[in-house]
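User: I've got a model open and want to talk through its ligand site and helix packing. Can you take my questions one by one?

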Amino acid sequence: MSVPTLFLKSTCPFCLKVVVFMSEAGLMDKVKLEKDSDENRATLQDIIGDEKLTFPALQLAAGEKPMMDSDGIIDHFVKSEGINLDTFQALPYYKTGVMQGYLRMVKHIGHAEAMDVIAGKI
Ligand SMILES: N[C@@H](CCC(=O)N[C@@H](CS)C(=O)NCC(=O)O)C(=O)O
């Protein structure tokens with residue numbers, strides 16, 4: 001059986017949330033990580049058509065429509081792997097700290113500008 005592919009954008013706080021979860025759950029070997037690239041974008045956009053492509057994106061099998069919601073992706077693995085989130089420490093640490101800070105920054109200056117700051121474009 002093929003390993004699902006997790007497409008990530010290196011500067012994306014939602015992608016990091018999924019990676020923190022996968023790491024704490026000991027599930028990093030359950031996915032193949034793929035960086036956001038023109039080629040990957042084109043492949044995924046072909047599949048989802050007019051829908052807006054966002055990261056993280058989890059593709060369970062080649063050619064399949066990717067899941068594109070970070071909480072939905074986490075929920076998928078919680079259910080399929082029988083994970084108990086109550087015992088997690090790193091995920092709530094990230095979600096209530098840096099993630100909240102990012103969301104505050106977005107509220108303050110907007111998503112596009114916040115992404116540009118994080119990506120070092122401005
Ligand atoms: N609600 C989504 C938000 C994901 C999101 O906004 N991702 C941004 C990057 S932080 C994105 O992919 N934007 C489109 C792009 O960069 O092309 C989630 O939780 O997964």
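Analyst: Sure, with some ground rules. This is a predicted model, so local features need pLDDT of at least 70 and side-chain atom pairs count only at pLDDT 80 or more, while totals for chains, interfaces and linings use all residues. Residues are numbered from 1 along each chain as its sequence is written.

User: Which helices each supply at least two residues of the shell around the ligand?

Analyst: The residues around the ligand are K9, C12, P13, F14, T54, F55, P56, D69, S70, D71 and M115; being near here takes a C-beta atom, placed from the backbone, within 6 Å. Helices are DSSP runs (H or I, at least four residues; strands are E, at least two), numbered from the N terminus. The ones that each give at least two shell residues are α1 (13-24) and α3 (70-81).

User: How many of the shell residues are charged?

Analyst: Asp, Glu, Lys and Arg count as charged, Ala, Val, Leu, Ile, Met, Phe, Trp, Tyr, Cys and Pro as nonpolar, and the others, Gly among them, as polar. On that split the shell has 6 nonpolar and 2 polar residues, and the charged ones number 3.

User: Which peptide bond is cis?

Analyst: In general, most peptide bonds are trans. Here, the loop between α2 (38-48) and β3 (57-59) holds P56, and omega is about 5° at the cis bond. P56 is also one of the residues around the ligand. The cis bond joins F55 and P56.

User: How do α1 and α3 lie to each other, roughly parallel or oblique?

Analyst: Their axes, lines fitted to C-alpha atoms over the stretch in contact, are 9 Å apart at an angle of about 15°, with angles running from 0 to 180 degrees between N-to-C directions. F14, K17, V18 and F21 in α1 meet S70, I73 and I74 in α3 (contact means C-beta atoms, placed from the backbone, within 7 Å). Angles under 35 degrees count as roughly parallel, over 145 as roughly antiparallel, 65 to 115 as roughly perpendicular and the rest as oblique. So α1 and α3 are roughly parallel.

User: And which term fits α5 and α6?

Analyst: Helix α5 (residues 98-109) and helix α6 (residues 111-118) pack with axes 7 Å apart, at about 125°. Y102, M105, V106 and I109 in α5 meet H111, E113 and A114 in α6, a contact with 5 nonpolar, 1 polar and 1 charged residues. Given that angle, α5 and α6 are therefore oblique.

Definitions and conventions: Contact = placed C-beta atoms within 7 Å.
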